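Please look through the sequence and the model below with two themes in mind: how helices pack against one another, and how charged side chains pair. The paragraphs that follow take these themes in turn.

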Amino acid sequence: MIGIFDSGLGGLSVLAAIARALPGADLTFLADTANMPYGPRSNAFIRGRVLAIGHHLADLGCGMIVVACNTATAAAVQALRAELPKLPVVGVEPGVKPAAKTSPRKHIAVLATESTSRSDRLARLIRTHCEGVQVDIAPCPNWATRVEALNFTEPAFVASVKDTVEPLLAAGADRLVLGCTHYGFLAPVLNPLVAGRAELVDVAEAVARQAVRRAGSAAQGRGRLVLEATARPEALPRALNGLGLGWLAERSHEPPRLVGV
């Protein structure tokens, strides 16, 4: 069994990619909705949540854990690996490397939560992969919260997204890195803004490929899905449908669980 978790719904994009790549694997997805969003939280708080959730998933019998959250990966993936040294732990990080490698103008932008935007991990990615490339970092407060509420098409929010993205495009960025797993669900809002001017860079499929490489026996199962949340678990099936992932609900054969992690 593979355990996948996020602060909320954003990790469903990673869950979907892994479910497509490993259709026979048993999957457990946990949304830490009681503590969402992680973006404004301290690193110490995020680290505590990541370790608690990691131990919970390990106790369930998960043979691999996927931290499907850029903010949690940046703050605590190394701590989780140290805490659970016998389990493969796969993290998520912004697609800075592929963006820098493919940018025709050598100018990229990273859209990220407040925590990720100021993280040492993002800074290291940029230092490692972006020599000769201009990198603009744009914190995006409340974007993840909008996805959580399935409320990201109203005109005022679309206008605020444009206010964030337009200056990046005007400055010459031709790759926009989606630095939060929630942001992939904003593609219907972002695509019209970037069409013909830039490309969006997401990493859900890359994470799934890494999961395939490292899963081993954890990929064996009957293709079942267990949904868990630390608050409002009943919202998860509704979110799957609202985010275009209704097909995943067919893998779940029991009601979502409320867990006190």
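Helix α8 (residues 155–170) and helix α9 (residues 187–194) have axes that come within 10 Å and cross at roughly 40°, where helices (H or I, at least four residues) and strands (E, at least two) are DSSP runs numbered from the N terminus, and axes are lines fitted to C-alpha atoms, for helices over the stretch in contact, with angles running from 0 to 180 degrees between N-to-C directions. That makes α8 oblique to α9, since angles under 35 degrees count as roughly parallel, over 145 as roughly antiparallel, 65 to 115 as roughly perpendicular and the rest as oblique. This is a predicted model, in which local features need pLDDT of at least 70 and side-chain atom pairs count only at pLDDT 80 or more, while totals for chains, interfaces and linings use all residues. Residues are numbered from 1 along each chain as its sequence is written, and side-chain values use heavy atoms, with hydrogens and water left out.

The crossing of α8 and α9 is right-handed, meaning that the near helix is turned clockwise from the far one by less than a right angle, whereas an anticlockwise turn would be left-handed. On the α8 side, Val 158, Val 161, Lys 162, Val 165 and Leu 169 meet Val 189, Leu 190, Leu 193 and Val 194 of α9, contact meaning heavy atoms within 4.5 Å. The residues of this contact of α8 with α9 divide into eight nonpolar, no polar and one charged; here Ala, Val, Leu, Ile, Met, Phe, Trp, Tyr, Cys and Pro count as nonpolar, Asp, Glu, Lys and Arg as charged, and the others, Gly among them, as polar.

A second helix pair is formed by α2 (residues 43–60) and α3 (residues 70–83), which pack at an angle of about 50° with their axes 8 Å apart. These two helices are therefore oblique to each other, and the crossing of α2 and α3 is right-handed. The contact of α2 with α3 has eight nonpolar, four polar and two charged residues.

Helix α1 (residues 12–21) and helix α10 (residues 204–215) likewise pack at an angle of about 50°, with their axes 8 Å apart, which makes α1 oblique to α10. In this contact, nine residues are nonpolar, one is polar and two are charged.

Turning to charge pairing, side chains of opposite charge can pair when their charged atoms come close. How many salt bridges does a search of the whole structure find? The search finds eight, a salt bridge being a side-chain nitrogen of Lys or Arg within 4 Å of a carboxyl oxygen of Asp or Glu. In one of them, Glu 199 pairs with Arg 175, the closest N and O atoms being 3.9 Å apart. This pair links distant parts of the chain, with Glu 199 in strand β8 (residues 199–201) and Arg 175 in strand β7 (residues 175–178), 24 residues apart. Glu 199 is partly exposed, with a relative accessible area of 45%, whereas Arg 175 counts as buried at 9% (buried means under 20% relative accessible area, exposed over 50%, partly exposed in between, with a 1.4 Å probe and protein chains only).

Arg 257 forms a salt bridge with Glu 228, their closest N and O atoms being 3.0 Å apart. Arg 257 lies in strand β10 (residues 257–258) and Glu 228 in strand β9 (residues 225–229), so the pair ties together parts that are 29 residues apart in sequence. Arg 257 is partly exposed at 30% relative accessibility, while Glu 228 is buried at 1%. Glu 254 also forms a salt bridge with Arg 257, at 3.1 Å between the closest N and O atoms, and Glu 228, Glu 254 and Arg 257 are thus linked in a network of salt bridges.
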